[in-house]
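Trainee: I would like to learn how to read a structure step by step. Where do we begin?
Mentor: Let us open the structure and look at how its helices pack.

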Amino acid sequence: MIDILSYFSNTTGIYAFMNSPWGWPTAESIHFLGLCVLIGTVGVFDFRMLGIGQGIEYADLHKLVKFGVAGYLLNVITGTMFLTTAPDQYIYNPAFQTKMLFMLLAGLNMLWFYATTSQQVKATNGEIAVSNRAKIIAAVSLLSWSIIIICGRLITYFRPPYHWCLWC
Amino acid sequence: MAVVVGINFAIALRLIGWVPQFALNPFQRFYHLHWLGAVIVLLSGLGLLLAYPAKALTNPVFYLKFIALGGGLLIAAWLQKQIVNHSISKIPAQKLKIIAGISIVLWIMAITAGRFLAYTNSVLLASRFF
């Protein structure tokens, strides 16, 4: 696994860029920027479903989500750059594993939203509260992204081999 | 920080016109979250500054971050005031777009400077000067 990730990093120029003087902090800045865009769009929509900003149309605010997708793509690209440049610092890291777990949960939650609730929410008048199911989805989303941010910060402090992981 | 920057991005995108013209007045309720986030940012930043004062105060990037953060928060406070007073509709759209653009640039500067702080310090402890 580590060999495959390292090979990818070396052959694509990612490793050379990330090990240049400004490579890593530049990627970190873009990573955090993507996260802020995600929270400002998907997070704001989640807060709206939980009742903040009554009067703003759900359908209007939902149109912010496309910027959230752009932010998420920035995160995936820069995240891949981190992971492939120093794979041993990530795949054995319990903070990274927890982050990935909650990213999976956030993804499944999003699929659940679009499969069951999104049309109903977008058709709801801005003065009316959304269903309890939509509120639960919003709360799970906000909780997941909060944990993802916290785990992202903790990755630096739980570096292997000093900390255990499930398959070390 | 993500909550503060995110809410500012959302309102800037609305003012620039990249997202639909959703009602701004109800959006003022998001400012409660925004200022709660700002207080957490300032308190945690103060804690980090107190822990390693020489590391931050000897680094020009720290001042860049401070200026960008202060400018971004000033614009946020001004925009909130215009929304609460219902006077935002009287401001020319072009002026609002410029202010929203400046807000986005300032927040990108604050984030970038914040990340670069960890890589650009030349002094760690004040004891170096004694």
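**Reading helix packing and contacts**

Mentor: Start with a pair of helices. The axes of α3(A) and α5(A) come within 7 Å and cross at roughly 150°. Keep in mind that this is a predicted model.

Trainee: How are α3(A) and α5(A) oriented to each other, roughly parallel or roughly antiparallel?
Mentor: Use the crossing angle. Angles over 145 degrees count as roughly antiparallel. α3(A) and α5(A) are therefore roughly antiparallel. The crossing of α3(A) past α5(A) is left-handed.

Trainee: Which residues make the contact of α3(A) with α5(A)?
Mentor: On α3(A), they include A:Ala27, A:Ile30, A:Leu38 and A:Phe45. On α5(A), they include A:Val65, A:Ala70, A:Leu74 and A:Phe82. By class, this contact has 15 nonpolar, eight polar and no charged residues.

Trainee: What about α1(A) and α5(A), at what angle do their axes cross?
Mentor: Here the axes come within 8 Å and cross at roughly 115°. That makes α1(A) roughly perpendicular to α5(A). This crossing is left-handed too: α1(A) passes α5(A) that way. From α1(A), the contact uses A:Leu5, A:Ser6, A:Phe8 and A:Ser9. From α5(A) come A:Leu83, A:Thr84 and A:Thr85. The classes are three nonpolar, four polar and no charged.

Trainee: Now chain B. How many helices and strands does chain B have?
Mentor: Chain B has five helices and zero strands. Along the sequence, its pattern is α-α-α-α-α. The C-alpha atoms of chain B fill a box of roughly 55 × 25 × 20 Å along the principal axes.

Trainee: What share of chain B is buried?
Mentor: Count neighbours around each residue. Buried residues make up 32% of the 130 residues in chain B. Then ask how far apart contacting residues sit in sequence. Take contacts in chain B between residues at least 6 apart: 91% of them join residues at least 24 apart.

Trainee: Where do chains A and B meet, and how many residues does each chain give?
Mentor: Chain B gives 23 residues and chain A gives 26. On the chain B side, α1 (2-16), α2 (30-51) and α5 (93-120) each supply at least two residues. The largest share there, eight residues, comes from α1(B). That side of chain B divides into 19 nonpolar, two polar and two charged residues.

Trainee: What is the general idea behind a nonpolar core?
Mentor: In soluble globular proteins, nonpolar side chains tend to be buried together. Now the case here. The largest nonpolar core has 64 residues. Those with the most contacts inside it are A:Cys36, A:Val44 and B:Val5. Helix α3 (residues 23-49) of chain A gives this core its largest share, 13 residues.

Trainee: Which residues is B:Val5 in contact with, leaving aside its neighbours within four places in sequence?
Mentor: B:Val5 is in contact with A:Cys36, A:Gly40, B:Trp107 and B:Ile111.

Trainee: Let us finish with a loop. Is B:His86 buried or exposed?
Mentor: Exposed means 12 or fewer neighbours. B:His86 has 10 C-beta neighbours inside 10 Å, so B:His86 counts as exposed. This residue lies in the loop between α4 (60-84) and α5 of chain B. B:His86 also has a positive phi of about 60°, although it is not a glycine.

Trainee: And B:Asn85, where is that residue found?
Mentor: B:Asn85 is in the loop between α4 and α5 of chain B. With 9 C-beta neighbours inside 10 Å, B:Asn85 counts as exposed. Its C-alpha atom is separated by 18 Å from that of B:Lys95, 10 residues apart along the chain.

Definitions and conventions:
Residues numbered from 1 in each chain as written. Chains lettered and ligands numbered in written order. Predicted model: local features only at pLDDT ≥ 70, side-chain atom pairs only at ≥ 80, totals over all residues. Contact = placed C-beta atoms within 7 Å. Helix = DSSP H or I, 4+ residues; strand = E, 2+ residues; numbered from the N terminus. Nonpolar A, V, L, I, M, F, W, Y, C, P; charged D, E, K, R; others polar. Axes fitted to C-alpha atoms, helices over the stretch in contact; angles between N-to-C directions. Parallel < 35°, antiparallel > 145°, perpendicular 65-115°, else oblique. Left-handed = near helix turned anticlockwise from the far one by under 90°. Buried ≥ 20, exposed ≤ 12 C-beta atoms within 10 Å, placed from the backbone. Core = buried A, V, L, I, M, F, W, Y, C linked by C-beta atoms within 7 Å.
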